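Hello,

Here is the structure I promised to pass on. Please open it and keep it beside this message while you read.

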Amino acid sequence: MLAAAVTLVASLVTRQVSVVWSVAYGALCVLLPTALMVYGVSSRALSRWFRLARPAGAGAALASLFFWEGIKILLAVVLMGLAPLLIADLSWLGLLAGLVVVLKAYWLAFVLGRRKPA
């Protein structure tokens with residue numbers, strides 16, 4: 001939802017198609033790897049595989065988390081590396097803006113999630 005909002009703001013402010021696509025792609029460089037990591041960590045079939053590879057419960061969970069975090073970082077770097085090939089007239093500033101805004105949303109969710117109920 002935040003990615004769509006950032007893309008909409010970019011389209012209203014710049015009115016340049018290349019910037020809008022760059023911002024959207026920057027947001028997707030964060031969202032897609034994160035979604036894959038969430039699926040990987042929470043998938044039962046994959047968790048069973050990690051338990052077979054490392055039978056200790058906490059150790060298997062930690063190994064799974066590190067594995068998927070590595071996949072997430074690798075996929076994000078690959079997606080950013082492919083950006084010039086996939087987007088004509090790429091705006092690196094727009095790509096970074098989309099990336100940073102969506103990354104900062106993690107901190108916003110963390111801060112808002114820590115509020116005590118009234």
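Start with two helices, α2 (residues 17-42) and α5 (residues 92-113). Their axes come within 6 Å and cross at roughly 40 degrees. An oblique angle is one that is neither roughly parallel (under 35 degrees), roughly antiparallel (over 145) nor roughly perpendicular (65 to 115). That makes α2 oblique to α5. The crossing of α2 past α5 is right-handed. Please note that this is a predicted model.

Which residues meet there? On the α2 side they are Ser22, Val23, Tyr25, Gly26, Ala27, Cys29, Val30, Leu31 and Thr34. On the α5 side they are Gly94, Leu95, Gly98, Leu99, Val102, Leu103 and Tyr106. By class, the contact of α2 with α5 has 11 nonpolar and 5 polar residues. No charged residues take part in the contact of α2 with α5.

Now the whole chain. The protein chain has 5 helices and 0 strands. From the N terminus on, its elements run α-α-α-α-α. The chain has 118 residues, and 32% of them count as buried. About 8200 Å² of the protein chain is exposed. Carbon and sulfur atoms supply 75% of that area. Next, take the contacts between residues at least 6 apart in sequence. Of these, 69% join residues at least 24 apart.

Two loop residues deserve a look. Most residues other than glycine have a negative phi. Arg15 is not a glycine, yet its phi is positive, at about 55 degrees. Find Arg15 in the loop between α1 (2-14) and α2. Is Arg15 buried or exposed? Arg15 counts as exposed because its relative accessibility is 68%, and the cut-off for exposed is over 50%.

Asp89 is the other one. Asp89 is not a glycine either, and its phi is positive, near 55 degrees. Asp89 lies in the loop between α4 (57-86) and α5. With 63% relative accessibility, Asp89 counts as exposed.

Asp89 also leads to a buried residue. Leaving aside neighbours within four places in sequence, Ser18 is in contact with Ala88 and Asp89. Ser18 sits in helix α2. Its relative accessible area is 14%, so Ser18 is buried. The cut-off for buried is under 20%.

Stay with the loop between α4 and α5, where Ile87 is also placed. Ile87 counts as buried, at 11% relative accessibility. What does Ile87 contact, leaving aside its neighbours within four places in sequence? The partners are Trp21, Ser22 and Tyr25. Take Tyr25 from that list. Ile87 and Tyr25 are 62 residues apart along the chain. Their C-alpha atoms are separated by 8.5 Å. Ser22 and Tyr25 came up earlier too: both are among the α2 residues that meet α5.

One last residue, Val20, is in helix α2. Val20 has a relative accessible area of 17%, so Val20 is buried. Now find Ala10. Val20 and Ala10 are 10 residues apart in sequence. In space they are 5.7 Å apart, C-alpha to C-alpha.

When you go through the model, try this order. Begin at the crossing of α2 and α5. Move to Ile87, in the loop between α4 and α5. Finish at Arg15, in the loop between α1 and α2.

Best wishes

Methods:
Residues are numbered from 1 along each chain as its sequence is written. This is a predicted model: local features need pLDDT of at least 70, side-chain atom pairs count only at pLDDT 80 or more; totals for chains, interfaces and linings use all residues. Side-chain values use heavy atoms; hydrogens and water are left out. Axes are lines fitted to C-alpha atoms, for helices over the stretch in contact, and angles run from 0 to 180 degrees between N-to-C directions. Helices (H or I, at least four residues) and strands (E, at least two) are DSSP runs, numbered from the N terminus. A crossing is left-handed if the near helix is turned anticlockwise from the far one by less than a right angle, and right-handed if clockwise. Contact means heavy atoms within 4.5 Å. Ala, Val, Leu, Ile, Met, Phe, Trp, Tyr, Cys and Pro count as nonpolar, Asp, Glu, Lys and Arg as charged, and the others, Gly among them, as polar. Buried means under 20% relative accessible area, exposed over 50%, partly exposed in between (1.4 Å probe, protein chains only). Accessible areas come from the Shrake-Rupley method with a 1.4 Å probe; for residues, only the protein chains shown count as cover.
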